[in-house]
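Student: I would like to go through the labels in this model with you. Could we set each value against its definition?

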Amino acid sequence: MKSKKTSKATFFVVLVLILALTFTAFFGISGYYGDIRQVYIKGAQDIRWGIDISGGVEAVFSPDKKVDEITSADMESAKTIIEKRLVADNVTDYEVYADSINKQIIVRFPWTANETSFDPLAAIKKLGKTAVLSFCANTDKSTVILSGSADIASASVGVLTETNEYVVNLKFTDSGMSKFKTATGKYSQISIWMDDEMISAPSVKEQITTNNAYIEGNFTAETAQDLANQINAGSLPFALTVDESKLQVISPTLGANALNVMVIAGAIAFALVCLIMILRYRLPGVIASIALLGQLAGMIACISGYFGGLESFTLTIPGIAGIILSVGVGVDANVIASERIREEFRNGKTIDGAIAAGFENSFNAVLDGNVTIVIIAAVLMGAFGNPDSLLAKIFSPIMALLGSSITGSIYSFGYTLFVGVVFNLIMGIYASKFMMKSISRYKVFRKPWLFGGAKNND
């Protein structure tokens, strides 16, 4: 009996969606305004690679303050804020050390995606800024109305609907709202400063009584995001100056051409796996290959920042290992389903019955294996990722006993493993099942041997 639940068109709809995701995830969508490249959807070329793949920068920062005035707590606070700034810039493969004896902070992090200048001084310039946001009366910085994290709760990027200008939206704390309300009722102009630089000085048209405001300043999307990130990360207890004599460029561990070699090797390996699947399982192998392509594209999309609410992160060699392992898990899921379908044919089932029973009987085995890997990946991300993340807070009581620390390469492995398994569940279980049921409704494909059965008519 033919399935009434899955339309014939379902196969082509899912196929087109997977191909569209694959193309946009790998190549992205961008345009040029003059010489400036504007990215609408990020692709593989926008991935930020780890130090082990692309190299990076090592810098030694010294406080712009007398040594005897600096406490160990100040050094740890500065270290934490620099880590937050790096994470806000989507850098997860980094190392930050606070040398409380010599009063120095050592930072190592990779180049940005599509780096062309490889100027180490330019790469670290944002990290050492004090980043104190202040609201002052008129244009006189000496009259500070409100300042810092005690008065400003958070910042985000926004766009004015009237002018399409980028702005930085601010949310005040209760104390900040009270101070801002008083100031806007008293002064005709309020200037906004980041450290010693005035960003803007808008006129006050009426008293503001809410806890929200925004900053205008001829921002681009990038500069607005940079300012919001600095505000959210908090201000340093002191400005940091870099010792240019100790500024170093870190060479990639695997050499300059390692990335190209890995991409080519990965493409060949993926093609061979798909070929073996097709030769072994015929039509289910073809569908499994399409599902694997969708799984790989989904992982690349999660890494590059393709999805609007999911920022890009730094991909390291262990992260690539996570991708490979995830693809292996995806192959395993499709193999289990294909073997179950073959078994159902041997038990005398029809095409529709074998497909339905095959996916149903393989579901628990695939789900159990994937859930186990998701738990492992979550623990790795919580133990070795940003300490302010939800996962880190969940596992903090356990990891505190083990002396956990931020290790970008291990976090990268956990992240790629996590998203890979999620897309395996989407593609390897649901997309494969819908495509299989759909294509089996076409008369030309209603031959049991195409699905792994004997060569006879249905």
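**Salt bridges, exposure and cavities**

Tutor: Gladly. Lys349 and Glu344 meet through their side chains in a salt bridge, 3.1 Å from N to O. The model is a predicted one, in which local features need pLDDT of at least 70 and side-chain atom pairs count only at pLDDT 80 or more, while totals for chains, interfaces and linings use all residues. Residues are numbered from 1 along each chain as its sequence is written, and side-chain values use heavy atoms, with hydrogens and water left out.

Student: Why is the contact of Lys349 and Glu344 called a salt bridge?

Tutor: The term needs a side-chain nitrogen of Lys or Arg within 4 Å of a carboxyl oxygen of Asp or Glu. Lys349 and Glu344 have 3.1 Å from N to O, so the pair fits the rule. By this rule the count comes to seven salt bridges.

Student: What makes Glu344 buried?

Tutor: Buried means under 20% relative accessible area, exposed means over 50%, and partly exposed lies in between (1.4 Å probe, protein chains only). Glu344 has 8%, so it is buried. Its partner Lys349 has 38% and is therefore partly exposed.

Student: How do you know that Glu339 and Arg280 form a salt bridge?

Tutor: Their closest N and O atoms are 3.2 Å apart. This pair links distant parts of the chain, with Glu339 in helix 9 (residues 317-346) and Arg280 in helix 7 (residues 258-281), 59 residues apart. Helices here are DSSP runs of H or I with at least four residues, strands are runs of E with at least two, and both are numbered from the N terminus. Glu339, at 21% relative accessibility, counts as partly exposed, and so does Arg280 at 42%.

Student: Which residues are linked with Glu95 in a network of salt bridges?

Tutor: Glu58 and Arg108 are linked with Glu95 in that network. The side chains of Glu95 and Arg108 come to 3.4 Å, N to O. Glu95 lies in strand 5 (residues 95-99) and Arg108 in strand 6 (residues 104-110), 13 residues apart.

Student: What makes the lining of the largest cavity five nonpolar and four polar, with no charged residues?

Tutor: A cavity is a set of points on a 1 Å grid over the protein atoms alone where a 1.4 Å probe fits but cannot get out, and lining residues have an atom within 4 Å of a point. Ala, Val, Leu, Ile, Met, Phe, Trp, Tyr, Cys and Pro count as nonpolar, Asp, Glu, Lys and Arg as charged, and the others, Gly among them, as polar. The lining holds Ala131, Val132, Leu133, Ile152 and Ile231, along with Gly148, Ser149, Gly234 and Ser235, so the division follows from the residue types.

Key
1 Å grid on protein atoms, 1.4 Å probe; cavity = no way out; pocket = protein on both sides within 12 Å on 5 of 7 lines; lining within 4 Å.
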